[in-house]
Amino acid sequence: MSLAMSREDLMEYLRQIFPQVHRDFVVEKLDEDSIEMRLVVEDRHLRPGGTVSGPSMFGLADVSVYAMILARKGRQSLAVTTNSSLDFLRKPEGGKDMIARCRLLKLGRNLAVGDVLMFSEGSEKPVARATMTYSLPPEGSAAAAFG
């Protein structure tokens, strides 16, 4: 399946639908099979001890899978997370951006499942792994056309 949105189209769409957080996330790489996203880590993403917080890592995983769905299916702003599993593997470095490497395991008519590995920038050892499931609006519905 080819891409329905380019990297630039995807970044612009995320700016439109998530104006409150769009500066936190950057699409670094995008191809038909995977996306690499960056969380621009700032003090507000840190927890005591100088490490990136769990909610910030969850957000990176969630946005990565959502962006990959958008890239493949096009504008589907009402696709929603229905399940999540997040494993924390090691302490991320608080002074470095987080990098997520995401691939879709399934992209069906009703559900999408993505796998995400997250890294501190410059490290090849993952700090967390997430699996996210999204419910997709039925094709032809008003929800699918929204956005």
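**Aromatic contacts in the predicted model**

Both Tyr-66 and Tyr-134 are buried, and these two tyrosines are a useful place to enter this structure, which is a predicted model. For Tyr-66 the relative accessibility is 4%, and the residue therefore counts as buried, since that term applies under 20%.

The rings of Tyr-66 and Tyr-134 have centres 5.8 Å apart, and because their planes meet at 25° the pair is classed as stacked, the limit for stacking being under 30 degrees. In sequence the two partners are distant, for Tyr-66 belongs to helix α2 whereas Tyr-134 belongs to strand β8 (residues 126-135), with their positions 68 residues apart.

A search of the whole structure gives two aromatic pairs. In the other arrangement, Phe-18 and Tyr-66 also have ring centres 5.8 Å apart, but their planes stand at 70°, so this pair is edge-to-face, a class that requires over 60 degrees. Phe-18 is found in the loop between α1 (7-17) and β1 (25-30), while Tyr-66 is in helix α2 (residues 54-73), so the contact ties together parts of the chain that are 48 residues apart in sequence. With a relative accessibility of 30%, Phe-18 counts as partly exposed, whereas Tyr-66 is buried.

Taken together, the ring pairs join Phe-18, Tyr-66 and Tyr-134 into a cluster.

A further contact involves a charged side chain and an aromatic ring: Arg-101 lies over the face of Phe-119, at 4.3 Å from the centre of that ring, where the cut-off for such an arrangement is within 6 Å.

Technical notes: Residues numbered from 1 in each chain as written. Predicted model: local features only at pLDDT ≥ 70, side-chain atom pairs only at ≥ 80, totals over all residues. Heavy atoms only, no water. Phe/Tyr/Trp six-rings, centres within 6.5 Å; stacked < 30°, edge-to-face > 60°. Helix = DSSP H or I, 4+ residues; strand = E, 2+ residues; numbered from the N terminus. Buried < 20%, exposed > 50% of the residue type's maximum accessible area, 1.4 Å probe, protein only. Lys NZ or Arg CZ within 6 Å of the ring centre and 35° of its normal.
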